[in-house]
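I opened this structure to find out how its parts are arranged along the chain and in space. My notes follow in the order in which I looked things up.

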Amino acid sequence: MAQLVMLVLDDPDKTDEIIDAWVAAGVSGVTILDSSGLRHRLARRGTRDDLPLMPTLSSLLRGREEPHRTLFAIVQDGFNVEALVAATEKITGELDDPHTGILFVLPVSQVWGLNRRTGGR
């Protein structure tokens, strides 16, 4: 059964390095989304202290954002997910440590279009 691998990456500067590691591990495609977590959302509820001397309307309305990246990929049955996790942790550090990220895997019961990308049937 195919699997969905998702990584919520705490440090967006590591995105390209993670993508390179995933491709080297055999992932054929990765989708990347900008995201933010609950902790960051709750922290933004307070008073802003980062306004410029002469703020523009957009800078007044825009909150200070501490972005994450959410990466996801569908891998085929038999893919070595443990090796993918190990490659990820070489870049992020242990995922059980704070401020690294969260990686999880979900079963995918049906997939259309995956074989087209990997060249198989």
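**Entry 1, the overall plan.** I began with the secondary structure, and I found five helices and four strands in the protein. I kept in mind throughout that this is a predicted model. When I read along the sequence, the pattern came out as β-α-β-α-α-β-α-β-α. I then looked at burial, and noted that buried residues make up 28% of the 121 residues. For the surface I wrote down an exposed area of about 8300 Å², of which carbon and sulfur atoms supply 53%. I also looked up the contacts with a separation of 6 or more, and 80% of them are accounted for by residues 24 or more positions apart.

**Entry 2, the sheet.** In which order do the strands of the sheet lie? I found an open sheet of four strands in the order E2-E3-E1-E4, and the pairing is antiparallel. The edges are formed by E2 and by strand E4 (101-108), each of which pairs on one side only. Neighbouring strands of this sheet are turned against each other by 20° on average, with direction ignored. I next looked at the pairing of E2 with strand E3 (residues 68-75), where five bridges join the two antiparallel strands. As one example I noted Ser35, whose bridge partner in E3 is His68. Turning to the helices, I saw that helix H4 (residues 81-92) lies across strand E1 (2-9), E3 and E4, and that H4 runs at about 10° to E1.

**Entry 3, the salt bridge.** How many salt bridges are there? The count comes to one salt bridge, and Asp34 forms it with Arg69, the closest N and O atoms being 3.2 Å apart. Asp34 lies in strand E2 and Arg69 in strand E3, so the pair ties together parts that are 35 residues apart in sequence. I then checked how open each partner is to the surroundings: Asp34 counts as exposed, because its relative accessibility is 64%, whereas Arg69, at 21%, counts as partly exposed.

**Entry 4, Val30.** I looked for Val30 and found it in the loop between helix H1 (15-24) and strand E2 (31-35). Is Val30 buried or exposed, or does it fall in between? Its relative accessibility is 22%, so Val30 counts as partly exposed, since buried would mean under 20%. Leaving out residues up to four places away in sequence, I listed Trp22, Leu71, Phe72 and Ala73 as the residues that Val30 touches. I also noted the separation between the C-alpha atoms of Val30 and Ile74, which is 8.0 Å, although these two residues are 44 residues apart along the chain.

**Entry 5, around strand E4.** Which residues form a nonpolar patch on the surface? I found that Ile102, Phe104 and Leu106 do, with about 260 Å² of accessible area together. Phe104 is found in strand E4, and I recorded Phe104 as partly exposed because its relative accessibility is 33%.

**Entry 6, His99.** I looked last at His99, whose place is in the loop between H4 and E4. Its phi is positive, at about 60°, although His99 is not a glycine. With a relative accessible area of 56%, His99 is exposed, because that word is used for values over 50%.

Definitions and conventions
Residues numbered from 1 in each chain as written. Predicted model: local features only at pLDDT ≥ 70, side-chain atom pairs only at ≥ 80, totals over all residues. Heavy atoms only, no water. Buried < 20%, exposed > 50% of the residue type's maximum accessible area, 1.4 Å probe, protein only. Contact = heavy atoms within 4.5 Å. Pairing = 2+ DSSP bridges. Axes fitted to C-alpha atoms, helices over the stretch in contact; angles between N-to-C directions. Patch = residues over 30% accessible without salt bridge, like charges linked within 9 Å, V, L, I, M, F, W, Y side chains within 5 Å. Areas by Shrake-Rupley, 256 points an atom, 1.4 Å probe, with all protein chains shown as cover. Salt bridge = Lys/Arg side-chain N within 4 Å of Asp/Glu carboxyl O.
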